[in-house]
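Here's an informal walk through the structure shown below. We'll start out on one strand and work from there.

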Amino acid sequence: MRRTVHKLYIFKFRPSSHSDDFTLIATYKDAASARKVEDALKRLLKDMEENIDDYDTDWSPDEAHVSLDGNKVWFEVYTAGYLDDVISVIRKVAKPENIECYAN
């Protein structure tokens, strides 16, 4: 009896060479507002992991990093600029006083 073995290969591609390390820094009036945004961004990343096809991004949620420093929320990811969903959360959860965007 001949046995057939099937192999499954999984590839993970990085974004194009036109991508950069992006850092978004949103400043809020107080630490409580920043904390709400940090939590919302973490929920966004979790939802992206579970429903990746619902998002138009070129990056994986496990490659993004969210952090809090007082009244500032930092979001970092390697992308070609697919940040619309992130910026939407940053603006909707609490009104930022300032948003800085750096491409490294």
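## Starting at alanine 103

Let's begin with alanine 103, which sits in strand 4. This is a predicted model, so everything that follows is read off computed coordinates. Is alanine 103 buried, partly exposed or exposed? Its relative accessibility comes to 46%, so it counts as partly exposed.

As for company, alanine 103 touches Asp20, Asp21 and Phe22, once residues up to four places away in sequence are set aside. Threonine 79 is 24 residues away from alanine 103 in sequence, and their C-alpha atoms are 9.4 Å apart.

## How far to trust it

The protein chain has a mean pLDDT of 89, with 84% of its residues at 70 or more. The stretch to treat with care is residues 7-16, where the pLDDT is below 50. In the model, that stretch makes 8 contacts beyond near neighbours in sequence.

## The sheet

What is the strand order in the sheet? It goes 2-3-1-4, in an open sheet of 4 strands with antiparallel pairing. Strand 2 (65-69) and strand 4 (98-103) take the edges; each has a single partner strand, so one side of each has no neighbour in the sheet. On average, neighbouring strands are turned by 15° against each other, direction ignored.

Now for the pairings. Strand 1 (residues 20-27) and strand 3 (residues 72-79) run antiparallel and are joined by 8 bridges. Within that pairing, aspartate 20 faces threonine 79 of strand 3. Strand 2 is also antiparallel to strand 3, with 5 bridges between them, and here histidine 65 stands opposite glutamate 76. Strands 2 and 3 make a hairpin with 2 residues between them. In the turn, glycine 70 has a positive phi of about 65°.

## Threonine 27 on strand 1

Threonine 27 belongs to strand 1. Its relative accessibility is 11%, so it counts as buried. Leaving out neighbours within four places in sequence, threonine 27 is in contact with Asn71, Lys72, Pro96, Glu97 and Asn98.

## Helices on the sheet

Back to strands 1 and 3, whose 8 bridges were described above. Helix 1 (residues 31-50) packs on the sheet, where it touches strand 2 and strand 3. The direction of helix 1 makes about 170° with that of strand 2. Helix 2 (residues 84-93) packs on the sheet as well, touching strand 1, strand 3 and strand 4. For helix 2, the angle with the direction of strand 1 is about 10°.

Glutamate 38 is a residue of helix 1. Is it buried or exposed? With a relative accessible area of 11%, glutamate 38 is buried. Beyond its neighbours within four places in sequence, glutamate 38 is in contact with Val66, Ser67, Leu68 and Val73. Its C-alpha atom is also 9.5 Å from that of valine 89, which lies 51 residues away along the chain.

## The nonpolar core

Which residues touch the most other members of the largest nonpolar core? Out of 23 residues, they are Tyr28, Leu41, Trp59, Phe75, Val86 and Ile90. At least two core residues come from each of strand 1, helix 1, strand 3 and helix 2. Helix 1 gives the largest share, with 7 residues.

Leucine 41 shows who meets whom here. Not counting neighbours within four places in sequence, leucine 41 is in contact with Val66, Val73, Phe75, Val86, Val89 and Ile90.

## One aromatic pair

How many aromatic pairs are there? The count comes to 1. The pair is made by tryptophan 59 and phenylalanine 75, and it is edge-to-face, at 5.8 Å centre to centre with 65° between the planes. Since edge-to-face takes an angle over 60 degrees, that 65° fits the label.

The two partners are 16 residues apart and link distant parts of the chain: tryptophan 59 is in the loop between helix 1 and strand 2, while phenylalanine 75 is in strand 3. Both rings belong to buried residues, as tryptophan 59 has a relative accessible area of 4% and phenylalanine 75 has 1%.

Conventions:
Residues are numbered from 1 along each chain as its sequence is written. This is a predicted model: local features need pLDDT of at least 70, side-chain atom pairs count only at pLDDT 80 or more; totals for chains, interfaces and linings use all residues. Side-chain values use heavy atoms; hydrogens and water are left out. Two strands pair if DSSP finds at least two bridges between them. Axes are lines fitted to C-alpha atoms, for helices over the stretch in contact, and angles run from 0 to 180 degrees between N-to-C directions. Contact means heavy atoms within 4.5 Å. Buried means under 20% relative accessible area, exposed over 50%, partly exposed in between (1.4 Å probe, protein chains only). pLDDT is the predictor's confidence in each residue, from 0 to 100. A nonpolar core is a set of buried Ala, Val, Leu, Ile, Met, Phe, Trp, Tyr and Cys residues joined through side-chain atoms within 4.5 Å. Rings of Phe, Tyr and Trp (its six-membered ring) pair if their centres lie within 6.5 Å; planes under 30 degrees apart count as stacked, over 60 as edge-to-face and the rest as tilted.
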